[in-house]
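Colleague: I would be grateful for a close look at one part of this structure, the pairing of its strands. Please set that part in the context of the whole chain.

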Amino acid sequence: MIFIRRAEPADAAQIQRVYASTNAFSNTLQLPHPTVEMWQQRLTQLNPDDTFLIAVYDGVVVGTAGLHVEKKLRRRHVASLGMAVADSFTGRGVGTALLAELLSLADNWLNVLRIELIVYSDNAAAVHLYNKFGFEIEGTMHAHSLRNGVFVDAYSMARFHPKQPQIPRTGR
Ligand SMILES: CC(C)(COP(=O)(O)OP(=O)(O)OC[C@H]1O[C@@H](n2cnc3c(N)ncnc32)[C@H](O)[C@@H]1OP(=O)(O)O)[C@@H](O)C(=O)NCCC(=O)NCCS
């Protein structure tokens, strides 16, 4: 069974293993060969406003999902989201379980109105997962980042709190 909980600094070595897998670092903004030390630092320095969850299967960390609430006062209703599942565990519902828990926290506890994310436009699995949870594509960013020697496009996607769907949208 998949168990979701907050990450702690002691999880650094296992999280490093998730991001050492090729699809996990390639489809996020991470780099190959992540170090445990980098993850230790990152987990130790997490802002209390940030939520960083891990999925644990049989004592092994198999995925992570994080939500970063914007610091600027006028953007306090906005959070950005990122996630990754270890390559060997994709397609087994880990991403769904992580995203369900993270969105439940955002909707019911964190007072977040808008959640935004960036996803490579050819990342069909992630786009499908985000669509399933109500994220919509707002635009395409061309040559957004370098991935294995090629500049790739990315979508900007966002989802609004389900009880606040009537957000005025100009330019649509
Ligand atoms: C995207 C990612 C988080 C999904 O996690 P996961 O554990 O595989 O997700 P799940 O098993 O819960 O479900 C994935 C959904 O995508 C679907 N899917 C899988 N591969 C797909 C593909 N190539 N095209 C379309 N849909 C696909 C599955 O059928 C499932 O849909 P369903 O729930 O409607 O049946 C995972 O693949 C991952 O970490 N990839 C690398 C890093 C990454 O892309 N992070 C997101 C960056 S924004």
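Modeller: Read from the N terminus, the elements of the protein chain follow the order β-α-α-α-β-β-β-α-β-α-β-β. That order comprises five helices and seven strands. The model is a predicted one, and what follows should be read accordingly.

I begin with the strand pairing. Strand E1, residues 2-6, pairs with E2 in the antiparallel sense over five bridges. In this pair, Arg5 stands opposite Ile54 of E2. E2 also pairs with E3, again in the antiparallel sense, over seven bridges, and here Tyr57 stands opposite Val60 in E3. The two strands E2 and E3 form a hairpin with two residues between them. Asp58, which lies in that turn, has a positive phi of about 55°.

From E3 the pairing continues to E4. E3 and E4 are antiparallel and share seven bridges, with Thr64 standing opposite Ala84 in E4. The sense changes at the following pair: E4 and E5 run parallel, over three bridges. In that pair Ala79 is the residue opposite Ile115 in E5.

How enclosed is E2 by the rest of the structure? Five of its seven residues are buried, so E2 is largely enclosed by the rest of the structure. For this purpose, a residue is buried if 20 or more other C-beta atoms lie within 10 Å of its own.

Helices also pack in this region. In helix H1, residues 12-19, the buried residues are Ala12, Ile15 and Val18. Because these three cover an arc of only 115° around the axis, they lie on the same side of H1. The cover over the buried residues of H1 includes the strands E2 (51-57), E3 (60-69) and E4, together with H2 and helix H3 (36-44).

Helix H4 contains Leu98, a residue that meets several of these strands. Leu98 counts as buried because 24 other C-beta atoms lie within 10 Å. Setting aside neighbours within four places in sequence, Leu98 is in contact with Ile4, Leu53, Ala55, Gly63, Ala65 and Met83. By contrast, the C-alpha atoms of Leu98 and Thr140 are separated by 25 Å, the two residues being 42 apart along the chain.

The strands and helices described above also bear on the ligand. The ligand is surrounded by 23 residues, and the closest are Asn27, Thr90, Gly95, Thr96 and Ala124. At least two residues of this shell come from each of the following: helix H2 (22-26), strand E4 (78-85), helix H4 (94-108), strand E5 (114-120) and helix H5 (124-132). E4 and E5, which pair in the parallel sense, are thus both contributors to the shell. The largest share, six residues, comes from H5. By residue class, the shell divides into eleven nonpolar, ten polar and two charged residues.

Some residues outside the strand pairs described above also merit attention. The loop between H2 and H3 holds His33, whose phi is near 55°, a positive value in a residue other than glycine. His33 is exposed, as it has 10 other C-beta atoms within 10 Å. Thr35 lies in the loop between H2 and H3 as well. With 12 C-beta neighbours inside 10 Å, Thr35 also counts as exposed, the limit for that class being 12 or fewer. The C-alpha atoms of Thr35 and Ala20, residues that are 15 apart along the chain, are separated by 8.7 Å. A positive phi also occurs at Ala143, where the value is near 50° and the residue is again other than glycine. Ala143 has its place in strand E6, residues 136-147. Ala143 is exposed, with 10 other C-beta atoms within 10 Å.

Finally, the chain as a whole. A compact globule of 172 residues would have a radius of gyration near 16 Å, and the protein chain, at 16 Å, agrees with this. The C-alpha trace spans about 45 × 40 × 30 Å along its principal axes. Of the 172 residues, 27% count as buried. Among contacts between residues at least 6 apart in sequence, 61% join residues at least 24 apart.

How values were computed: Residues are numbered from 1 along each chain as its sequence is written. This is a predicted model: local features need pLDDT of at least 70, side-chain atom pairs count only at pLDDT 80 or more; totals for chains, interfaces and linings use all residues. A residue is near a molecule or strand if its C-beta atom, placed from the backbone, lies within 6 Å of it. Helices (H or I, at least four residues) and strands (E, at least two) are DSSP runs, numbered from the N terminus. Ala, Val, Leu, Ile, Met, Phe, Trp, Tyr, Cys and Pro count as nonpolar, Asp, Glu, Lys and Arg as charged, and the others, Gly among them, as polar. The radius of gyration is taken over C-alpha atoms; the globule rule is 2.2 Å times the number of residues to the power 0.38. Two residues are in contact if their C-beta atoms, placed from the backbone, lie within 7 Å. The arc is that of the directions from the helix axis to the C-beta atoms. Two strands pair if DSSP finds at least two bridges between them.
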